[in-house]
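Me: Hi! Could you walk me through a structure that's new to me?

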Amino acid sequence: MNPAELHSLAEQERQRQKEQALRLFLCYSTPCLSAGADKVKSALEALIAERRKSGEVDLELVATGCMGPCSRGPLLRILSPEGGERMFEKLTPETACDILRRHWADEPPPVEPLAVDLPFFSRQTRIVLDNSGWIDPEKIEQSIARGAYGALAYVLREMNPEEVCNTIKSSGLRGRGGGGYPTGVKWELVRKSPAERKFVVANGDEGDPGAYMDRTIMESDPHRVLEGMAIAGYATGAEQGYIYVRGEYPLAAARLSRAIKDAERKGLLGSRILESNFNFRIDLRVGAGAFVCGEETALMTSIMGRRGQPVPRPPYPAQSGLWGYPTLINNVETFANVAPILKNGAEWFSGFGTEKSKGTKVFALCGEVVNSGLIEVHMGIRLREIVFDIGGGLPDGGAFKAAQTGGPSGGCIPAAHLDTPVDYESLKELGSMMGSGGLIVMNQGSCMPDVAKFFMEFCQDESCGKCVPCRVGTVEMHEILTRITNGAAVLEDLEMLEDLCRLVQESSLCGLGMTAPNPVLNTLEYFRDEYLAHIRDRRCPAEVCRLDKVPLLKLPEHARELAIFLKEKC
Amino acid sequence: MTTSVAAGRPNQDRQGENPRLQLLEKSLKKFHYQQDALIEVLHIAQETFGHLDEEILDYVSLRLRLPPSWVFGVATFYNFFSLDPQGDHVCVVCMGTACYVKGAGEIVARIEQAFSMKAGETTPDGKLTLMAARCLGNCSLAPMLTLDGEVLGKQTPEATLAAIQEKMRLVQARQEDTK
Ligand SMILES: Cc1cc2nc3c(=O)[nH]c(=O)nc-3n(C[C@H](O)[C@H](O)[C@H](O)COP(=O)(O)O)c2cc1C
Ligand code: SF4
Ligand code: FES
Ligand code: FES
């Protein structure tokens, strides 16, 4: 396929869609599927087939990726050619069929559609999720009709690798995998590394609990990720890419592998892409359940078929990665930002967001909120807007206590900071992190020492065990937090906990250990009174913990002095 | 490719005896006996046999010419691979942050209590395996779990217990029918 053919294929498909009297979009991504979208689909299909038999109906049922408000699924959107759009929530096969029948009969629907001006939709800025919910991810034509591979075609014809790197650099795009490293700088490093082979890796491991952005992007718009990777390959001089998908995400893996095959068949991946001189292949790798494999060096060892244990950096992957060759690793969402940037220009992109954090961020908004689901907001939006406008506040009149961001490397943001702008720097200042984008809202029913214990248990389980501070430190910290939450702690324990936190932070080998203490330090800062209530008053203010153990040993005063003496001297 | 054929020779007899290993052999061939493909091969093996027993691990190590300790090391490193057979029913409760905040801990505790087991174990009669997972990526349906692969969202301890018992009852009824 050449660029002209790509263009005409897009035109053709757009024309076909325009001719449909009606287009039905049914969300067919994991959360809606588990809420019963598959049954709704077969019921609708049966109804449509029946109607077809009796006469002409030119309508199309599109099984799409995620539309956003996942907790309201299954969702159905009806689009008429005049542009009239209505969306229905929480469908059953019966109501869905009823809605369609009454639509044909020109009667009002049996249930109210979702309000179109719902702040959930109107407050979002969709760049990454632009296509999500509008295309069937398994039909490449539909992606192409919405512009997929257009940026790749443009780049191959009009730009040299250096220019591509410069565009990404000046767009201000930063890695969406957590750290926020400038993406363009990373690309430039790989481009400049001299080597006969190079690799591009998309990190779709997404180990952070409470986060499912990457899953949704891969499931809803796989071609966007592949296109981003191919552009990265051109910009850095790589001819081979790997996309590493978490083992828990079989649907994402299936849709990606289908997308790779379709793109290869159309000459959009593989050799001599779009009749240029550029070759780029992508292979899929499925993870096997280890959080630490999200860490870039561990991810590479896992791709090479070994135990996914991190190795010290430098050398950074940009110099020496897969099989010793320069390797570019970016998060899936980072790659999904690439095509729009090249299509619309760096300036357009840097028009979104704050001075240091450009563009948008996808969040998985979950926990105690009315609308939980997947949202995309511009950087710098206030946390309050996310929770109360988009999320619709807390259900049953609950009071907001904290928002957890950044997963096990992040922290909890208390109500006093609800007006913080959400960007890399501000979150870090609060002792939390952007992380990959899980945002979990908690109400008064959550106990903060218990939450800290939860994350420490996670890190203890997921520590790869290679270095001592992390392997032993997380166990010890978990032990202390357990004592606090079951009533067996004394005040000295708190001191020891803080010491341990600093020790593990400073002496661990990889990011897992370095950030494992964050949730503890952060909750200690904002919710210290809760820790004290557990220890001193043997009471859990949130009534979560069962304080049934008695402190075993209360250090006598002289022993305490001895401990302080030892700490100073040794 | 010649080397891999040679490496396989001493094992040829064993393969003939065991049809399961023949199946595995096919996927090994698909990956050209490349050592890098170890994780992919283990994935396929587990899918085919349900779990990875010693015989399978041994066989993989022979065919990929990797030390057995290497293969064992990889198989035990990743949570996904299970060296023990699983129960008739498998219940995986998500203990990710969103689910935990919404009360997944209580669900696990109640199942543990009802079946006198711990998460990660199989009941002695081999009927139920209970596992705790870290975020299955359905956080908007928290607390959620999967029961024999089927996703159940917005659960309560009562609803989960009822669903498990229902599954067991159905199987029992079917067994009695066939008798
Ligand atoms: C313990 C640990 C887990 C990580 N998990 C992920 C992950 O699941 N997904 C991801 O994209 N990055 C993860 N990262 C960050 C990666 O190491 C890496 O920085 C990132 O993929 C780079 O992509 P970016 O520049 O596009 O953000 C993790 C890091 C650590 C230390
Ligand atoms: S910090 Fe933890 S996870 Fe990282 S290498 Fe050390 S033991 Fe492994
Ligand atoms: S999966 Fe249907 S709206 Fe998210
Ligand atoms: S936290 Fe349970 S599915 Fe994500």
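Reply: Happy to; we can go through the surroundings of its ligands one at a time, keeping in mind that this is a predicted model.

Me: Great. How many residues surround ligand 1?

Reply: There are 18 of them, and the closest are A:Gly177, A:Lys186, A:Asn330, A:Asn331 and A:Thr334.

Me: What does A:Gly177 offer to ligand 1, backbone or side chain?

Reply: Backbone: an N or O atom there lies 2.8 Å from an oxygen atom of the ligand.

Me: And how about A:Asn331 and A:Thr334?

Reply: Those two use their side chains. A polar side-chain atom of A:Asn331 is 2.6 Å from an oxygen atom of ligand 1, and for A:Thr334 a side-chain N or O atom is 2.7 Å from a ligand oxygen. Overall, the protein covers 87% of the 610 Å² of accessible area that ligand 1 has on its own.

Me: Which element gives the most to that shell?

Reply: That's β8 of chain A, with three residues. Both β8 (327–331) and α21 (511–515) of chain A supply at least two residues each.

Me: What's the mix of residue types around ligand 1?

Reply: Three nonpolar, nine polar and six charged.

Me: Switching over, which residues are closest to ligand 2?

Reply: A:Cys464, A:Lys466, A:Cys467, A:Cys470 and A:Cys510, out of 13 that surround ligand 2. That shell has eight nonpolar residues, four polar and one charged.

Me: Last one: where do the two ligands sit?

Reply: Ligand 1 takes up the space of the second largest pocket, while ligand 2 sits in the largest cavity.

Key:
Residues are numbered from 1 along each chain as its sequence is written. Chains are lettered from A and ligands numbered from 1 in the order in which they are written. This is a predicted model: local features need pLDDT of at least 70, side-chain atom pairs count only at pLDDT 80 or more; totals for chains, interfaces and linings use all residues. Side-chain values use heavy atoms; hydrogens and water are left out. A residue is near a molecule or strand if one of its heavy atoms lies within 4 Å of it. A polar contact is a pair of N or O atoms within 3.5 Å; within protein, one must be able to donate a hydrogen and the other to accept it, and residues adjacent in sequence count only if both atoms are side-chain atoms. Accessible areas come from the Shrake-Rupley method with a 1.4 Å probe; for residues, only the protein chains shown count as cover. On a 1 Å grid over the protein atoms alone, a cavity is a set of points where a 1.4 Å probe fits but cannot get out, and a pocket is an open set with protein on both sides within 12 Å along at least five of seven lines; lining residues have an atom within 4 Å of a point. A molecule sits in a cavity or pocket if more than half of its atoms lie within 2 Å of its grid points. Helices (H or I, at least four residues) and strands (E, at least two) are DSSP runs, numbered from the N terminus. Ala, Val, Leu, Ile, Met, Phe, Trp, Tyr, Cys and Pro count as nonpolar, Asp, Glu, Lys and Arg as charged, and the others, Gly among them, as polar.
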